[in-house]
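The following exercises are meant to be worked through with the sequence and the model side by side. Each task is followed by a solution in steps.

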Amino acid sequence: MKIIKNALAAVGLLAIGALSINAMQEAPTDENFEKKLINDYNVYALQVPDYMDFAGEEVPLSNPDILERMDRELLVNTYWQSNGLLMFKRAKKYFPIIEPILAKHGVPDDFKYLAVIESGLTNAKSPAGASGFWQIMKTTGREYGLEVNDNVDERYHLEKATEVACDYLKKAKENLGSWTLAAAAYNAGNAGVSRRLNEQKVNGYYDLLLGEETGRYVFRILALKEILSNPSKYGFNFRDKDLYSKVPTYLVEVDTAVTDFAGFAKQFGINYKILKLHNPWLREPHLNNKSRKQYFIELPKEGYYKN
C-alpha cells in the first residue's frame, strides 16, 4: 500500500523576488510594506535552528549529515519565494479545515505540513495518478472507503481525504513505531520503509540511506513547518488581508441523480464553475447516483460571488 505524491521543493534555481531575510519582526503596516517592495532583495546564508522536532520527535541536528540536509531544504524553500508566499496564502484558507480533523484522530498537527509538500494545498494530480491535497492513489482511496470513479472521486473531497490520510498515518505509526517513519511511509509505503529498516539494521528515519525523494521527504516537511511558523524570520512580509480566506458555505443534501449540474447551480444563484470550485469531487457535469446514495453538496452563501 503506497501513496504517491507530487513533492513541491524545487532543485537548484533561486527565484527572483522582493523578499528579504533582513525582515521586519512585526507585521508590516501599509506604508512601510510599500516601501519594502523597492530594492529590498538580499540572499543570506540561513541559521538552522538549534532545536527542531517533527511531531515531538527530535531531529538529530548534531549529526553533520542531518544538519546539511536540513540546511538544504531551508535554503531551497526560503528562496523559492513565490511558492512560499502562496503557501502562506493557502494555509490561511485550508489549515483551519485540516487541523481539527488531525486533532480528532490523534494525529500530530505537524502532519498538515505533509499536505503542503504533497500538493501545495491544491487538488493536484501526479503523473502516476495520485490525486487531491493528500495525493492519494485510486487503490488506496478505495481501500480506505472513498468513492473513486469517473463520476465521483472523493480523493478531491478535502475533509474525506484528510480522514483517509489520518487512518493511513496512524496505521503506519503503529507498524513502524514513530511518527517520523510514518511520514516517510506516506511517501515510500509501509512495506518499503520496513524493508529498508530491516536491510540496514537501523531503527529510525535519520539513520536510513534512502533514495533522493524519500531521503528528502521529512526534511521538506520540517522546512515548511519552520518557514510557515516563522514568516518574518525567513523574510516573508504580508498582511492578513493578503492571505486567502474560505468563502462561507452551507450543505445541500442530494439523494437522487442530477442530470445537469449547470442547471442545478443556477437554482442556487451560482454558475457551474463556482459549483465545481466548492465540490471538486464531482468529476462530471452530472451525478448518476443509481443507488440513491446520500451526498452533501457544498454551496457558497449568498453575496460572495458577484458578477
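**Exercise 1. The packing of helix 8**

Against which helices do the buried residues of helix 8 pack? Identify these residues and describe what follows the helix.

Solution. The model examined here is a predicted one. Step 1: helix 8 spans residues 190–200, and its buried residues are Asn190, Gly192, Val193 and Leu197. Step 2: these buried residues pack against helix 6 (158–176) and helix 7 (179–188). Step 3: after helix 8 comes lysine 201, with a positive phi near 55°.

**Exercise 2. The chain as a whole**

Describe the overall make-up of the protein chain and the confidence of the prediction.

Solution. Step 1: count the elements; the protein chain contains eleven helices and four strands. Step 2: consider burial; 51% of the 307 residues count as buried. Step 3: turn to the surface, where the accessible area is about 15,200 Å², with 51% of it belonging to carbon and sulfur atoms. Step 4: examine the contacts; among those with a separation of 6 or more, 68% are between residues 24 or more positions apart. Step 5: check the confidence; the mean pLDDT is 89, and 87% of the residues reach 70 or more. Over residues 1–25, however, pLDDT stays under 50, and the model has 99 contacts beyond four places in sequence for this stretch.

**Exercise 3. Helix 3**

Where in helix 3 does the kink lie? State also what is found just after the helix.

Solution. Step 1: helix 3 covers residues 81–105, and a kink of about 50° lies at tyrosine 94. Step 2: the kink comes shortly before proline 96. Step 3: just after helix 3, glycine 106 adopts a positive phi of about 70°.

**Exercise 4. Two residues with positive phi in one loop**

Compare asparagine 289 with arginine 292 in backbone angle, location and burial.

Solution. Step 1: asparagine 289 is not a glycine, yet its phi is positive, at about 45°. Arginine 292, not a glycine either, has a positive phi of about 60°. Step 2: asparagine 289 lies in the loop between helix 11 (272–278) and strand 4 (295–300), and arginine 292 is likewise found in the loop between helix 11 and strand 4. Step 3: asparagine 289 has a relative accessible area of 7% and is therefore buried, the limit for burial being under 20%. Arginine 292, at 53%, is exposed, since exposure requires over 50%.

**Exercise 5. Salt bridges**

How many salt bridges are counted? Examine three of them, giving the distance and the burial of the partners, and then identify a network.

Solution. Step 1: recall the principle that side chains of opposite charge can pair when their charged atoms come close. Taking a nitrogen-to-oxygen limit of 4 Å, the count is 16 salt bridges.

Step 2: lysine 225 forms a salt bridge with aspartate 53, with the closest N and O atoms 3.5 Å apart. Lysine 225 belongs to helix 9 (residues 212–229) and aspartate 53 to strand 1 (residues 53–54), so the pair ties together parts 172 residues apart in sequence. Both lysine 225 and aspartate 53 are buried.

Step 3: lysine 160 and glutamate 154 meet in a salt bridge with an N to O distance of 2.8 Å. Lysine 160 is partly exposed, at 34% relative accessible area, whereas glutamate 154 counts as buried, at 4%.

Step 4: the side chains of lysine 246 and glutamate 298 meet at 2.7 Å, N to O. This pair links distant parts of the chain, 52 residues apart: lysine 246 is in the loop between helix 9 and strand 3 (249–254), and glutamate 298 is in strand 4. Lysine 246 is partly exposed, at 36% relative accessible area, while glutamate 298 is buried, at 14%.

Step 5: Arg72, Glu73, Glu212 and Arg216 are joined into one network by salt bridges that share partners.

**Exercise 6. A nonpolar surface patch**

Which residues form a nonpolar patch on the surface? Locate tyrosine 305 and classify its exposure.

Solution. Step 1: the patch consists of Leu277, Tyr304 and Tyr305, which together have about 320 Å² of accessible area. Step 2: tyrosine 305 is found in the segment after strand 4. Step 3: the relative accessible area of tyrosine 305 is 33%, so this residue is partly exposed.

Technical notes
Residues are numbered from 1 along each chain as its sequence is written. This is a predicted model: local features need pLDDT of at least 70, side-chain atom pairs count only at pLDDT 80 or more; totals for chains, interfaces and linings use all residues. Side-chain values use heavy atoms; hydrogens and water are left out. Helices (H or I, at least four residues) and strands (E, at least two) are DSSP runs, numbered from the N terminus. Buried means under 20% relative accessible area, exposed over 50%, partly exposed in between (1.4 Å probe, protein chains only). Contact means heavy atoms within 4.5 Å. Accessible areas come from the Shrake-Rupley method with a 1.4 Å probe; for residues, only the protein chains shown count as cover. The bend at a residue is the angle between axes fitted to the seven residues ending there and the seven starting there. pLDDT is the predictor's confidence in each residue, from 0 to 100. Patches are made of residues with over 30% relative accessible area and no salt bridge: like charges are joined within 9 Å, nonpolar side chains (Val, Leu, Ile, Met, Phe, Trp, Tyr) within 5 Å.
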